[in-house]
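Good morning, colleagues. Please look at the sequence and the structure on the screen while I speak.

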Amino acid sequence: MNAGLEGVVAAETRLSMVDGEAARLVIAGETVETLAARARFAEIASRLWRGLTPAAQEPADIEAALGEARIHVAAELLPQMRALAPLSPIEALRAGIALLPDDAPMPPHLLASAAIPVIIAAHWRTSRGRKPVLPRPGATHVADFLRMLDGRDAEPEIVRALETYLVTVSDHGMNASTFAARVVASTAAGVISSVVAAICALKGPLHGGAPGPVLDMLDEIAASGGADAIRPWLEARMAGGERLMGFGHRIYRRRDPRADVLKTVVRGLGTGHRRLAFAAEVEATALAILGERYPDRRLDTNVEFYTAILLDAVGLDRALFTPAFAMGRVLGWTAHALEQAATGRLIRPASHYVGSLPDGMEAPLVPA
Ligand code: ACO
């Protein structure tokens, strides 16, 4: 039995390659470092969706199509936002996407991608008693998200920093949320249903729910004594059986390459420096403690550690970190859903029955 499905190959994909031993990530043919340095959101969308759908394929066409789709989604969903107001941002995103039909006339990968920033921003404002800001189709997808959230245009360096983050997390092999999306797509349920399943998987703290707790950790250590408190605080958590958020990865045996990509972005942001030095001290101590505790299983920094610092520097509240992750990863989820659906193959693994059996009956030799 392989409860975590480690090493099980469940698909052929041309979308991304994760090399855990070498700590390399390639997304649609380019390293994450190359893409982060120059690619825009619409360009990575174009790379991931190309050949999987007859809809808009060039970055400029995709940017325009996303703008139109944001307007469409706002008309459909904003009247329903008040009902979602009591939910947390990620729950509201889950519920908001579920309100979209699987058979809408608009291509579902565009619909889901456009809907995510509209729902996040509208829910954030509505739940604070403020009116939603309508999308502006001429703005870029990322700039429009920040404008819908704050009600004013963000500085270009902030837009660029968030865009680099979204590109960096756009796809990552057969991670839990992507697998969830592919399982649903394999039943021919539709791309929107796949994205709902993916958001459910992303929400958990072992996957996309980690960056908020990373910031909580930094704040708690700072409040309980600053630099002198780092080691005792981390050791107390480990002794209590807790995992240190932002460290460890199922696949990477070395440092997650996305961690340094994001750290570089934070370094370039004036607002990012505030936390960087202290975060680096916490990181170094955490790695030392994890190394002492697990000398044979290298646990290193994962993407979520510097995601927390970057998204905080960009001005997002920590409750919006996981929804922001979804805004980037939806490009990968939708591409994987389309790729899986095209295979026509139902994903249906087996389980090993360990319960009781009626007298005289034996379990089959091949589990099902
Ligand atoms: N802190 C403390 N101990 C840890 C951590 C951690 N962050 N990560 C793993 N360990 C421990 C495990 O408990 C296990 O200990 P045990 O053998 O005593 O039971 C041992 O290290 C080996 O664990 P792995 O098999 O390497 O971990 P696994 O592959 O099951 O889990 C995971 C990977 C879920 C990411 C884990 O490292 C973790 O929980 N990290 C903290 C949460 C986090 O940062 N999540 C974001 C991941 S990145 C992403 O999904 C985008």
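I shall discuss the domains, then the ligand shell, and finally three individual residues.

Please keep in mind that this is a predicted model. I begin with the domains. The assignment for the protein chain gives domain 1, made of 16-203 + 319-343, and domain 2, which covers 212-314. Their centres, taken over C-alpha atoms, are separated by 26 Å. On the contact between them, 22 residues of domain 1 meet 19 residues of domain 2. Which elements give two or more residues to the domain 1 side? They are strand E2, helix H1 (32-38), helix H8 (156-168) and helix H16 (321-343). Helix H8 provides the largest share of that side, with seven residues. Sorted by class, the side of domain 1 that touches domain 2 holds 13 nonpolar, five polar and four charged residues.

I turn now to the ligand. There are 18 residues around the ligand, and those that come nearest are Ala-210, Arg-243, Phe-247, Gly-248 and Arg-250. The shell divides into eight nonpolar, six polar and four charged residues.

Next, two alanines deserve a look for their backbone angles. In general, most residues other than glycine have a negative phi. Ala-23, however, has a positive phi of about 55°. Ala-23 sits in the loop between strand E1 (16-19) and strand E2 (24-27). Ala-28 also has a positive phi, of about 45°, and lies in the loop between E2 and strand E3 (30-31).

Are these two alanines buried or exposed, or somewhere in between? Ala-23 counts as partly exposed because it has 19 C-beta neighbours inside 10 Å, where 20 or more would be needed for a buried residue. Ala-28 has 22 such neighbours inside 10 Å and therefore counts as buried.

My last residue is Arg-253, in the loop between helix H12 (230-239) and helix H13 (257-267). Because Arg-253 has 14 C-beta neighbours inside 10 Å, it counts as partly exposed. What does Arg-253 touch, if residues up to four places away in sequence are not counted? The contacts are Gly-20, Glu-21 and Arg-298. With Glu-21, the separation is 232 residues in sequence, while the C-alpha atoms of the two residues are 5.4 Å apart in space.

That concludes my presentation, and I thank you for your attention.

How values were computed: Residues numbered from 1 in each chain as written. Predicted model: local features only at pLDDT ≥ 70, side-chain atom pairs only at ≥ 80, totals over all residues. Helix = DSSP H or I, 4+ residues; strand = E, 2+ residues; numbered from the N terminus. Buried ≥ 20, exposed ≤ 12 C-beta atoms within 10 Å, placed from the backbone. Near = placed C-beta within 6 Å. Nonpolar A, V, L, I, M, F, W, Y, C, P; charged D, E, K, R; others polar. Domains from an automatic or database assignment. Contact = placed C-beta atoms within 7 Å.
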